[in-house]
Amino acid sequence: MRHALALASEAGRVGEVPVGAVVVAGEEIIGRGANRTISDSDPTAHAEIVALRDAAARIGNYRLVGASLFSTIEPCTMCAGAMIHARVERLYFGAREPKAGAAGSASDVFSNPRLNHRIVVEGGVLEAEAGELLSTFFRARRG
């Protein structure tokens, strides 16, 4: 999660909402991502999606069976769906996202019994640090 927090800090420094994510297989980081929606003019360039794309490209397979994803914030529905399609095994996230979080806050995509893949979810990992990055960023933006 510390690597994801560093990526989030860098995103914030370039004007993106400070969210970072890493994909881990075994003990190795195989994918890294930070929010790039503004930089890329791409509404899908969330940190989790960027990290999933990086990991898939690195291993040469869109299925990330056995991998864990660490995100500094609770993923949205789009990112949750991408993790399910990639067959990520575990999700660890930092701060809850009450407006759009899809791991129990606004909705819970991961517990939908109709889906064909289950992801083990653990929230609140380094929650204070992740939340502070976001709070500081938005306080500065509001001026």
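What follows is a set of questions and answers about a predicted model. Residues are numbered from 1 along each chain as its sequence is written, and side-chain values use heavy atoms, with hydrogens and water left out. Because the model is predicted, local features need pLDDT of at least 70 and side-chain atom pairs count only at pLDDT 80 or more, whereas totals for chains, interfaces and linings use all residues.

Student: What is the order of the strands in the open sheet?
Tutor: Strands (E, at least two residues) and helices (H or I, at least four) are DSSP runs numbered from the N terminus, and two strands pair if DSSP finds at least two bridges between them. The edge strands, each pairing on one side only, are β2 and β5. The open sheet has five strands and mixed pairing, and its order is β2-β1-β3-β4-β5.

Student: By how many degrees are neighbouring strands of this sheet turned against each other on average?
Tutor: Axes here are lines fitted to C-alpha atoms, for helices over the stretch in contact, and angles run from 0 to 180 degrees between N-to-C directions. For neighbouring strands of this sheet direction is ignored, and the average turn is 15°.

Student: In which sense do β1 and β2 pair, parallel or antiparallel?
Tutor: Strand β1 covers residues 20-25 and shares six bridges with β2, where Ile29 is the bridge partner of Val24. The two strands form a hairpin with two residues between them, and Gly26 in the turn has a positive phi of about 65°. The sense of the β1 and β2 pairing is antiparallel.

Student: How many of the seven residues of β2 are buried?
Tutor: Buried means under 20% relative accessible area, exposed means over 50%, and partly exposed lies in between, with a 1.4 Å probe and protein chains only. Strand β2 spans residues 28-34 and is mostly covered, the number of its buried residues being five.

Student: Which residue in β4 stands opposite Ile73?
Tutor: Strands β3 and β4 pair in the parallel sense over five bridges. The residue in β4 that stands opposite Ile73 is Ala95.

Student: Which strands does α3 touch where it packs on the sheet?
Tutor: The direction of α3 makes about 140° with that of β2. Taking contact as heavy atoms within 4.5 Å, the strands that α3 touches are β1, β2 and β3.

Student: Which residues touch the most other members of the largest nonpolar core?
Tutor: A nonpolar core is a set of buried Ala, Val, Leu, Ile, Met, Phe, Trp, Tyr and Cys residues joined through side-chain atoms within 4.5 Å. The largest one holds 39 residues, and those touching the most other members are Val23, Leu52, Leu69, Met83 and Phe110. At least two residues of this core come from each of α1 (2-13), β1, β2, α3 (47-59), β3, α4, β4 and α5. Beyond its neighbours within four places in sequence, Leu52 is in contact with Val23, Leu64, Leu69, Ala82, Met83, Ala86 and Val88.

Student: Why is there no bond between the sulfur of Cys76 and that of Cys79?
Tutor: A disulfide is a pair of cysteine sulfur atoms within 2.5 Å, and by this rule the count comes to zero. Cys76 is buried, with a relative accessible area of 16%, and Cys79 is buried too, at 0%. The closest cysteine sulfur to that of Cys76 is in Cys79, and there is no bond because the distance is too far, at 3.7 Å.

Student: Is Arg87 buried or exposed?
Tutor: Arg87 lies in the loop between α4 (77-86) and β4 (90-95), and has a positive phi of about 65° although it is not a glycine. Most residues other than glycine have a negative phi. With a relative accessible area of 17%, Arg87 is buried.

Student: What is the relative accessible area of Leu126?
Tutor: Leu126 is found in the loop between β5 (120-122) and α5 (127-142), and its phi is positive, near 50°. Leu126 is partly exposed, with a relative accessible area of 24%.

Student: Which backbone nitrogen does the side chain of Asn35 reach?
Tutor: Asn35 sits in the loop between β2 and α2 (37-40) and counts as buried at 10% relative accessibility. The side chain of Asn35 reaches the backbone oxygen of Val17 at 3.2 Å. At 2.9 Å, the backbone nitrogen that this side chain reaches is that of Ala47.

Conventions:
Polar contact = N/O pair within 3.5 Å; in protein donor to acceptor, adjacent residues only side chain to side chain.
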